[in-house]
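Colleague: I'd like to learn how to read a model like this one. Could you walk me through a few features?

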Amino acid sequence: MWSFFARDPIKDFNYEILPENQEKSGIWTLSRGKRKTTGEPVSVFVYEVSQGTEEQTQLAKAAFKRTKTLRHPNILSYVDGLETEKSLYIVTEPVTTLAAHLKLQAEKGGASDLEVSWGLHQIVKALSFLVNDCHLNHNNLGMWAVFVDRAGEWKLGGLDHVTSNQGESTSLPPPKVINPDLERYDPPESPGGGGDKWTGDVWRLGCLIWEVFNGNLPRASSLRSLGKIPKQLVPHYCELVGANPKIRPNPARFLLNCRSPGGFMNNSFVESCLFLEEIQIKEPAEKQQFFQDLSENLDSFPENFCKHKVLPQLLTAFEFGNAGAVVLTPLFKVGKYLSAEEYQQKIIPVIVKMFSSTDRAMRIRLLQQMEQFIQYLNEAAVNSQIFPHVVHGFTDTNPAIREQTVKSMLLLAPKLNETNLNQELMRHFARLQARDDQGPIRCNTTVCLGKIAPYLNAGMRQRVLISAFSRATKDPFPASRAAGVLGFAATHQYYSVVESASRILPTLCTLTVDPDKNVRDQAFKAIKSFLSKLETVSEDPSKLAEIEKDVTALAQTGGSAATWAGWAVTGVSSLTSKLIRNAPAGSEAPPAENSPVPQSAAGPAPTNTATQTSGARGIQSETSNEETVQPEGDRWDDEDWGSLEVKDGYSNSVNSLVHWMEIRVRDFLFYFIFSVYALNPAYSHTRFIVVFSVRENRKCFTNNHAFTPSGLSKAELAKKKREERRKELEAKRAERKAAKGPLKLGARKLD
């Protein structure tokens, strides 16, 4: 009956010991383990009483006590423990032995001096804590007593032989009694042979430094050979292994010597590590400066340190420290070291939260660096949590944010759903192209529309593309006109031959007399491309179905995001905020309605313009001040798109000459198309459509440029009459309101 109550304590132990990868560490066996309830990884030091001597059991119990009671950031962290008659278990943070860690690093090219400098700094600091603060001697310092955690930080362990240095008697045997091989690490003087209380430990510290750089120490006399010990560390190392124990420095003094200017431990890595240890008590300005400088140094830091030490501090600084946009650059740099699963767990939730921030610097940096994390975002998060915040950038008063928002659509478009892509995004694009006062932004909107065209559904492509690119060809900004031409060329597969002949080619022909040579060159190339397509169908009508197969093709699903340059790099790559900042306010007028073809005198559009970032440092962290825009419907198919304003300075004679040339070029094209389709018996079924389209376009073109006796064109005269009629109606409406007088209390307004 009593056996029922005598439960085995090992079965109730909260940790499971994994049998693989066990290492010997002195009298202990180091095993990997995990917490049974959460699966959290740990390390378990196991000592079997039955396999050890009485002296070893005494040392194991002493180590159990010391590990449990000594707490310091640089001493192996105690998590839990269990002591039974058969065995002892010490559960610590997950670690590996220093010897195994250095062997693994050697396979990768060797541990860097930066990593070793910080590791030695931690061990010396732990030793100083024992000697100066706890008045204890370690007596067992060596490679076997140093462990390395997941972040690559060194921890002091092996507390089996720790004794008091204040004269208290101890019954613990020295290390060489347990393991005779350790005798070569003993100092040359006899115990109590003079010197300070720390002389034995700092001698063993010197032996540790020698083994870190040169491997296993064969004999004590080998300490005289420096081997691969760095020159910066040599003078301080020689003090540690000096024959005279009285000149060996205190561990704290040794640390100060190595941290002096030019010392082995005086580098950016150690400085960054020390700052991270004290970051909670630093001033906000100091944190901001630290995170700004951190990005430049991260490339030289060990990978594990970045993942397990820097990343948690970055996430904490954003979550609780109001660090803001300054953490983004180092955060994305560290993110490169994470697996896809780790990225989803640690960084994506923070990014989603960042998009809801009203800090302008935060928003623009997120947009600029979206390419680094877009592949980790799922479609549900993009449509419900990210896109609703990103679209506010389309109406922001800062041109740089509007520009970056447009660019980001190249990456977001493949992940947007039907409503966000074909309705919401197109509504914002229509407003930007029609009303934005910055030419580069109008240009980039056109470029972006051409790039995301494959993701639009067939109906939206038919409604949007020709109208949008046609409007771009009438923009006063030369690069926008070139972008419109390139947009037609890049999306040629989505237009039927009838649309190419009746709508696109007439639009392109007007650009053959454009003042900007780059626009003219692109127009001629596009015209040749479309004419070649028409000629192919004319020669072999059976190819019509193949050429028009993509006209009604379904939208592409999300794939790899396209880069910004793409097809537009020949004449219209991204025009950056540098152009926006250099241009005076209002210098680029937004497109106006019902005005003639632009006659801009601007120079050629920049060729092979590299995409540049929009200077986030020039944008202050402030609450977003966005324009108030009334909701509006789709503007792509409005009848009143019109053309754009004519720049001043051109004489009537030049305008007349240009109009005459336009008429002649369009006449030639119309009659060429007529001869290809209307006179070819193979196209008898489309003859009426083509002839009608030619007549209507010819009539529309000539009528628009016909002049009335008053000197105004018919289009201008019609606009003038509409304006007069509008003013007349407003005057009558005002008279009716004035005649009724003010409303009385309780009266009902009927009109």
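**Reading the cavities and more**

Modeller: Let's start inside: Asn-139, Asn-140, Trp-144, Pro-175, Lys-176, Leu-182, Tyr-185, Asp-186 and Arg-204 line the second largest cavity. Keep in mind that this is a predicted model.

Colleague: How many cavities of 30 Å³ or more are there, and what volume does the second largest have?

Modeller: There are four of that size, and the second largest comes to about 40 Å³.

Colleague: What classes of residue make up its lining?

Modeller: Sort the lining residues by side chain. Here you get four nonpolar, two polar and three charged residues.

Colleague: Now Asn-165. Is it buried or exposed?

Modeller: Under 20% relative accessible area counts as buried. Asn-165 has 14%, so it is buried. For its place in the chain, look at the loop between strand S11 (163–164) and helix H5 (175–178).

Colleague: Which residues does Asn-165 touch, leaving aside neighbours within four places in sequence?

Modeller: Its contacts are Val-131, His-135, Leu-136, Asn-137 and Lys-197.

Colleague: What about the cysteines? How many disulfides does the structure hold?

Modeller: Zero. Two cysteines to look at are Cys-448, buried at 0% relative accessible area, and Cys-509, also buried, at 7%.

Colleague: And which residues does the "repeat: HEAT" annotation cover?

Modeller: An annotation comes from a record, and you then check it against the model. The unreviewed UniProt entry puts that repeat at residues 386–424. In the model, this span is 67% helix and 0% strand, with its end C-alpha atoms 14 Å apart.

Terms used
Residues numbered from 1 in each chain as written. Predicted model: local features only at pLDDT ≥ 70, side-chain atom pairs only at ≥ 80, totals over all residues. Heavy atoms only, no water. 1 Å grid on protein atoms, 1.4 Å probe; cavity = no way out; pocket = protein on both sides within 12 Å on 5 of 7 lines; lining within 4 Å. Points joined across faces, edges and corners; volume = space filled by probe spheres on them. Nonpolar A, V, L, I, M, F, W, Y, C, P; charged D, E, K, R; others polar. UniProt positions renumbered as here; feature names shortened; annotations may be inferred. Helix = DSSP H or I, 4+ residues; strand = E, 2+ residues; numbered from the N terminus. Disulfide = S-S within 2.5 Å. Buried < 20%, exposed > 50% of the residue type's maximum accessible area, 1.4 Å probe, protein only. Contact = heavy atoms within 4.5 Å.
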